[in-house]
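Biologist: Hey, can you walk me through this one? I'd like to start with the charged side chains.

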Amino acid sequence: MGKDKKEKKKKESDSSSDSGPDDATPPPSKKSKPNTSSSRKDDDEPSWLLEKNRFVKVREFRGKVYIDIREYYESDGDLKPGKKGISLSTAQWQKLKSVMSEVDDAVKEKC
């Protein structure tokens, strides 16, 4: 009887479907856990609101400083960092700042 259940379970898990609960709720990344562990840490981080739930924050992770541009979502009354965003190292941030006028010019040409 135990063998039949294992075989049945194996057949069900061998499904090659591209949709289902596995796709809808992927496991949380290890990278985001330290950022959401305490709201006090978020309060200590300098942050600037861009619009709605999008922020620029200066964060420290594993002893290094990052500039985090991220969309946040509300859960249980708290804002939590979402997957949509980017964390730039200080070197990448400096490079972005150095090309900012060129980016502005390109935007003007497109508008």
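Modeller: Sure. Keep in mind it's a predicted model. It holds five salt bridges.

Biologist: Cool, what does Arg 59 pair up with?

Modeller: With Glu 45: their side chains meet in a salt bridge, 3.5 Å from N to O. Arg 59 lies in strand 2 (residues 54-61) and Glu 45 in the loop between helix 4 (39-44) and strand 1 (47-51), so the pair ties together parts that are 14 residues apart in sequence.

Biologist: Are those two buried or exposed?

Modeller: Both Arg 59 and Glu 45 are buried.

Biologist: OK, and which side chain does Glu 71 meet in a salt bridge?

Modeller: That's Arg 54, at 3.0 Å from N to O. Glu 71 sits in strand 3 and Arg 54 in strand 2, 17 residues apart, so to speak a link between distant parts of the chain. There's also a network: salt bridges with shared partners join Glu 45, Arg 59, Asp 68 and Arg 70.

Biologist: Why does Glu 71 count as partly exposed?

Modeller: Because its relative accessibility is 24%, and partly exposed covers the range between under 20% (buried) and over 50% (exposed).

Biologist: New topic! How do strand 3 and strand 4 pair?

Modeller: In the antiparallel sense, over nine bridges; strand 3 is residues 64-75 and strand 4 is residues 78-89. One example is Ile 69, whose bridge partner in strand 4 is Ile 86.

Biologist: And how many residues are between the two strands?

Modeller: Two, and the strands form a hairpin. Asp 76 in the turn has a positive phi of about 55 degrees.

How values were computed: Residues numbered from 1 in each chain as written. Predicted model: local features only at pLDDT ≥ 70, side-chain atom pairs only at ≥ 80, totals over all residues. Heavy atoms only, no water. Pairing = 2+ DSSP bridges. Helix = DSSP H or I, 4+ residues; strand = E, 2+ residues; numbered from the N terminus. Salt bridge = Lys/Arg side-chain N within 4 Å of Asp/Glu carboxyl O. Buried < 20%, exposed > 50% of the residue type's maximum accessible area, 1.4 Å probe, protein only.
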